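Dear colleague,

I am handing over the structure below, and after it you will find my notes on it. Please read them with the structure open beside you.

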Amino acid sequence: MGAEPLLKLTDVKSCYGNIQALHGISLEVYPNEVVCLIGSNGAGKTTTLMNIMGVVRPTCGEIVFAGKRLNGLATPRIVSMGISCVPEGRRIFPALTVEENLQMGAYTQRGATSEIEETMSWVYELFPILKERRTQMGGTLSGGQQQMLAVGRGLMARPRIMLLDEPSLGLAPLLVEQVLGAVTRIKQEGVTVLLVEQNALAALEISERGYVLENGNVVLTDKASALIDNETVRKSYLGQE
Amino acid sequence: MRRLMMALVTIMVIFSLSAYGADNPIRIGGLAALTGGASMQGQQAREGALMAMEDLNAAGGVLGREVQVFMEDSQGVATAAVNAFRKLMDDRKVCAVIGDHQSTAVLAFKPIAIQNGIPVLATGSAMAVTEDANPWIFRVREYDSLAATALVNAAIKEGYKKIGIFHNTDQFGVGGRDNVIAAMKAVGMAPVATAGHNTGDKDFTAQLLSFRRAGADAIIVFTHNEEQALICRQFDQLLPGVAYFGSMSLSQTSTIQMAQGAAEGKYSATPYTLTNMDARVQEFAARYRAKYGHDPELFSVLYYDAVMMVAEAVKMGNSDAPLSVRDNLHKIKDFPGVSGLNYTFNAIGEAVNEIFIVKIEGGQPKAAFKIQG
Amino acid sequence: MDFLAEQLPIVVQQLIAGLAYGCIYGLVALGYNFIWNAVGIVNLAQGDFVMVGGYLYAASFVPVVASWLGPGSAGSSFWTALLLTAVGMVLVGMVSQRIVYYPLRASHPRTIMISTMALSIFLKNFAIVAWGTYPVATSGLFGQKWFRFDLFGLGTVTVLYQYVFILVFTAILLVVQSAFFSRTRLGRSMRAVAQDQLAASLMGINTPLIIAITFAYASILAGVAGVLLAPIFLVSQAMGSIGLKAYTASIVGGFGNVIGALVGGLLVGSIEVLSASYVSSVYKDAIVFVVLIAFLLLRPQGLFGKKVIGSL
Amino acid sequence: MGIRSLSMKDKTLIGIILVLAALYPLITNSYMKFVLMTGIVNALLVVGLHFIFGLTGQLHMAMAAFWGVGSYAFALAVTRLSWPYWLGVFAAIVAVGLLGLLLGFPTLRLKGFYLAITTIGFGEIVRLILLNWAPVTGGVFGVAGLPRPTIGPLQFGKNQPFYYLLLAILALLTLAARMIEHSKYGAAFRAVHDDELAAEAVGLDPTRLKILAFVLCGVYAGIGGAMYASLMQYISPEVYTLERSQMLAMMLVIGGMGSLPGAIMGSVLLTFLPEVLRFLQQWYLAVYGAIVIVIIVYRPTGLWGIWVRATEWIATLLKRRGDTRGAA
């Protein structure tokens, strides 16, 4: 890679209540790459993202973004530094219209109305269906549309890096393709992506590199193409004998 | 085990701190609702009682000893009143207790007072307070049937024939209602309508309209200050042309102010009115106003007079033993109070046997006539 | 027909009063709903906020403002005192949530409920110390003025101006509120926090602050209810009992629903007055609660709520 | 069975009962003695409330109504019907048990704050009936002349013997509560508290369990109500208000949710607190409210939590001293 990593986690440990969820995660994401985290349920993927976002505080270790330490910063501060997160289960605001949802995404972009509108038209270009539905309540959209709205809302913050948590969960195969296709286009626009997926094959296909998590530890990391061919990965995560 | 001992010692220390000696001052107890819905009357009572204490001490105390008045909060509720009474009796070692102005509270601690021999100068108006003629129980206030009879007579005298009764559902209001009905029955009448409201109610539209439907030409209202004021206001809108006879609370300055002009032209019955030009009344009112910044009300003067009578009884018997206080209270004849009344306790312990009918004019309760019980 | 002719003016007259009280219940119920939506708890001291608002207005600000502005300024002193009360309520709301909610936010809702009860006891008794034991009378814009009108020749109806004022004021307040929630950034973020706290904070919203603001706004609503009631009721420490009726209103309307709160309020207000008149004046509160229990059993989601019972 | 084999909770429970027994003769003034008696009666009610509020986690806010019906059932049975004392107590138990059943059935579908407002409404209805149904309840004038109990030749008319009777009843009922808590029902109650759906999944019937909790609470409230009436010898309806229900719930929470020793500690302490604060004059209830807030906010685990930490602290302190002594 050569360049400085955009996001770097060093030996991050974290607890939920009394249960230790992360046992020392280290990972790096370089500018303008798509990196995926794969692993089974409860491996600590979502917890990792929540630690980056400051929703959960790491008990030890260091998270650095663009040369700045994130540990101890409040979520709003982290978002305004250029990290946005599309949470698991989409979590769009059901009783806000599509457009209001997108506006909430741009919450940290204070002041510049024209810029926000520019971003919004870019999102509408990316997902034309959202433009059609823009006065509809978020909760009335279909699952796929809600996922697009969630991704679009994440983009509204004009992030340098976007964390995507299980974007394909519960979607029909055709929609999965659509959503993950959007990830590639987002990357082309210069946004770095950290992708968490259970659908490991689909995720690896659009990623440059991947990390495999198990019980709160990174057990394997490599180029995505290499992981697809890896024996253990094939067995455990790709459902192939 | 050591833990247990430590806890025990701590608790013992705490309790021994609350015990004290020095029995020199003459201790008088007062009970009133200092918190809760009736705390307005409680405050008046407290102010009156404490002023009496200061006056007594300024005059050199009683029997050369300092007088201490302890006011405790009864919340107007039986449980709290019993606790407060016991505190006065056991903790403060008082020689007499004045109050409470809520009859429920008096009925709750009355057996304890009798059992332990503490004279009580009650200021609640229910008949049940004195009806068993126990020598320990006195009353320094008009009793319900006196007020009820006076109001009924006043209404008849003014020429009203179709009288309705509106009452609070608490002990005061229900007692008032029953006594009004009895007084009407005595002259061969019956109320055209009866309606109740709960303490704390604010909207009386329904009840007032029921009097309109019944065709009442006058209503007698037994309730407390806040409700009385609100009923006056709503009454003016809903029952124009109907006469209004309110219980004692309507004669109070605070109620007249709360009614914001709606008390005009309405009648009330009270043993005490500021418009009484008796020098005692006026002199006291002036001092009270200077001290507290507002007019004295019935409970201010009653508690003041009650403290003074206990002091008098102590002087007469040259002792502050409860039994001596009790016996000498019975001997008091025509004790002149700042209420304008002259107190003599009768066989069942009643001291207030006369009452004024007042009419509110220009924001003042003007005495119309006096009725003897 | 005769019965109708006799009863109709009376019913109309009572309904107008009932609707005015209903608006007040609705305003307080809205406060319950905003807090419920935002953090999933019920603030049992909400009714006492009405009392605090009433006292701030009638006992603290009106006399001061009237002396600033001099005589003959009833109108402007009303609005100034109302504004000051609203500011005061923001403080009350913020401070209360900081003390009785924020430190306990991770505890069982039951614990928070108890702490709001303790707050209620504190406020009731603090009022005695702060504002005295005498109920305070105040006149507002219209005092005790009323007007009569003829109802289709059936009879005359007597209405307090203040009742009409309450209805109009509530309507305007709701319009302004709805504009605030849809048009402003703050309004939208309050809605967002109410719908999904985690997602809202991932958007970069300072959720604790927005929650505090929500408490403050709920307090303003309660305070305004106190100001509107002050001229027709007296301001006294017992005013807080209105909280229970408002709680009932918000359940009847559908917990957490804005329109529901208002409709629930109007319904409770009307039931209260009419049952006092036609069933029993001393059991009217009992009747309101019977209706409440019936609602909870037959239609727990309320009139406008979704068919979900709030989980604890 | 040695004392060491008992759990910390049980030891504390025994300790509390012993302290309460020792306390009465130590208190020199009969006012404080009476407050202590009130505290014991409150504890009876709070231990009952513990089944619903503490174990099953239901927000039951009609405790004053339960208590009131208990008081009135007892008072009316022994005065109007001239029933013997203990039959009157039994009537109170049955009446409030049935009331628990009555309230339990329809409200089972309701949870959380919905249940809270339902029970608040129910409590208000009961209060208004006690107040206004004068032909039966005596209305505002209440019921006077209530007796103190006798058991065979034993007389409990005086305060001291009555106190020890109350304490014995409290000890018995607490023991019963403890046994229920440790039985399969206790575990089932807790399961309902933690997760109703999960409880259902493992074959428990949350509906029946909740009704059972309400009925149990009713039984305790019946005894508590009768004992209160017998203690005061006069009852009147203005006592049984929502505020009282709130006070009882606060006693439980301040004591420490879900622990019996906490329930008794909370009851006795919060009964004393306003009395001790009386010297503050009209400030005292405001200060009382503030103190309750402070305890809840800074020690959500309540007095029980404080006690546990204090004993741990003392234990380590003693151990450390023992260690240094050993080293020397």
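The largest nonpolar core (a set of buried Ala, Val, Leu, Ile, Met, Phe, Trp, Tyr and Cys residues joined through side-chain atoms within 4.5 Å, where buried means under 20% relative accessible area, exposed over 50% and partly exposed in between, with a 1.4 Å probe and protein chains only) holds 283 residues, of which B:F85, C:Y247, D:L20, D:F66 and D:M227 touch the most other members. Helix α2 (residues 30-55) of chain D gives the most to this core, namely 18 residues; helices (H or I, at least four residues) and strands (E, at least two) are DSSP runs numbered from the N terminus. A second, separate core of 51 residues has B:F138, B:F284, B:Y303 and B:I332 among its members.

This is a predicted model, in which local features need pLDDT of at least 70 and side-chain atom pairs count only at pLDDT 80 or more, while totals for chains, interfaces and linings use all residues. Residues are numbered from 1 along each chain as its sequence is written, chains are lettered from A and ligands numbered from 1 in the order in which they are written, and side-chain values use heavy atoms, with hydrogens and water left out.

In chain A, A:M162 lies in strand β7 (residues 161-165) and counts as buried because its relative accessibility is 1%. Leaving aside neighbours within four places in sequence, A:M162 is in contact (heavy atoms within 4.5 Å) with residues including A:S84, A:V151 and A:L194.

As for the backbone, a cis peptide bond, with omega about -5°, joins B:G99 and B:D100.

Best regards
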